[in-house]
Amino acid sequence: MPLVETARAKINLTLRVVGRRPDGYHGLESLVAFAELADGLSLEPGGNTSLEVAGKFGVASGPAQANLVIKAATALAALVPDLKTGHFRLDKRIPVAAGLGGGSSDAAAALRLLAACNALAADDPRLFAAARATGSDVPVCLVPRAKIMRGIGDELSPPVRLPKLAAVLANPGVDVATREVFAAFDLRYAGTVPIVDVPSEREPLIAWLAGPRNDLTDAASMRAPAIRDVLGALASLPGARLARMSGSGATCFALFDAADEADYAAERLRARHPSWWISATALG
């Protein structure tokens, strides 16, 4: 029987640009949560590494051999002698290049499947090393629980206890290249307050989230003005407590007090913007 994993969408509840590193990358600090929205990934052990991609966003994910699932498997195979692998099948439900870490989460799920197939412990350091070699967002997705992510994604806090948050995700269907967003970002407008004392209860957490922001919002909106339209539409929904962009865009989210409020808000938003991708989900 194939081994099965879910690859949950990653949401940056906050994102602060700490500065530019000597290696040219930007250092970040971000409170990351994971959505119930997820891709599905299975592994049928045996034979060479291969990947089949299906689902709503399967075509948009590009050639299978360039997928991060294959890159992660290759990275782990370089560290684990005689790694048993096989045929992966990816059901792509998370929009591609949307600020939701879908590809990174897929790669992390592939590493978990390979760990199970090869009897590797969940804390085997070779898994983290392979995750780092695959992409900057892959390590935080390796164990999909809320954390504070720092550096270039290689410095992770212990899991952060968050309440379940009802949310609506919306993407206007525009591509935003992360490299271009960082190129447009002005360090003079970077946040200066570090993440400390994250509340674990819903009401204090939502109040706390009103302070930090996503530093990349203005730069991303310069590249894709539709992001501001999405943020405005989300903020105006009945019951919306907070609207913010995730990652480098273009997906944005709004938080609500209850799942039924999020479901109702998503229906209203779909009626007004039928061309947008919209999903009601829960974060935690």
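In this predicted model, the sulfur of Cys141 finds its closest cysteine sulfur in Cys252, 19 Å away, which is too far for a bond. The same holds when the search starts from the other end: for the sulfur of Cys252, the closest cysteine sulfur belongs to Cys141, at 19 Å, again too far for a bond. A disulfide is a covalent bond between the sulfur atoms of two cysteines. To count as one here, the two sulfur atoms would have to lie within 2.5 Å. The number of disulfides in the structure is accordingly 0.

Are these cysteines buried or exposed? Cys141 counts as buried because its relative accessibility is 0%. Cys252 is likewise buried, with a relative accessible area of 0%.

Attention now turns to an arginine. Arg16 belongs to strand 2, which covers residues 16-20. With a relative accessibility of 16%, Arg16 counts as buried, because the cut-off for that label is under 20%.

Which residues does Arg16 touch, leaving aside those up to four places away in sequence? Its contacts are Gly27, Leu28 and Glu29, then Gly191, Thr192, Val193 and Pro194, and also Asp215. Two of these partners return when polar atoms are considered. A polar atom of the Arg16 side chain lies 3.4 Å from the backbone oxygen of Gly191. The side chain of Arg16 also reaches the backbone oxygen of Val193, at 3.4 Å.

The fold also brings together positions that are far apart in sequence: Arg16 and Leu216 are 200 residues apart along the chain, yet their C-alpha atoms are separated by 8.0 Å.

Notes
Residues numbered from 1 in each chain as written. Predicted model: local features only at pLDDT ≥ 70, side-chain atom pairs only at ≥ 80, totals over all residues. Heavy atoms only, no water. Helix = DSSP H or I, 4+ residues; strand = E, 2+ residues; numbered from the N terminus. Buried < 20%, exposed > 50% of the residue type's maximum accessible area, 1.4 Å probe, protein only. Contact = heavy atoms within 4.5 Å. Polar contact = N/O pair within 3.5 Å; in protein donor to acceptor, adjacent residues only side chain to side chain.
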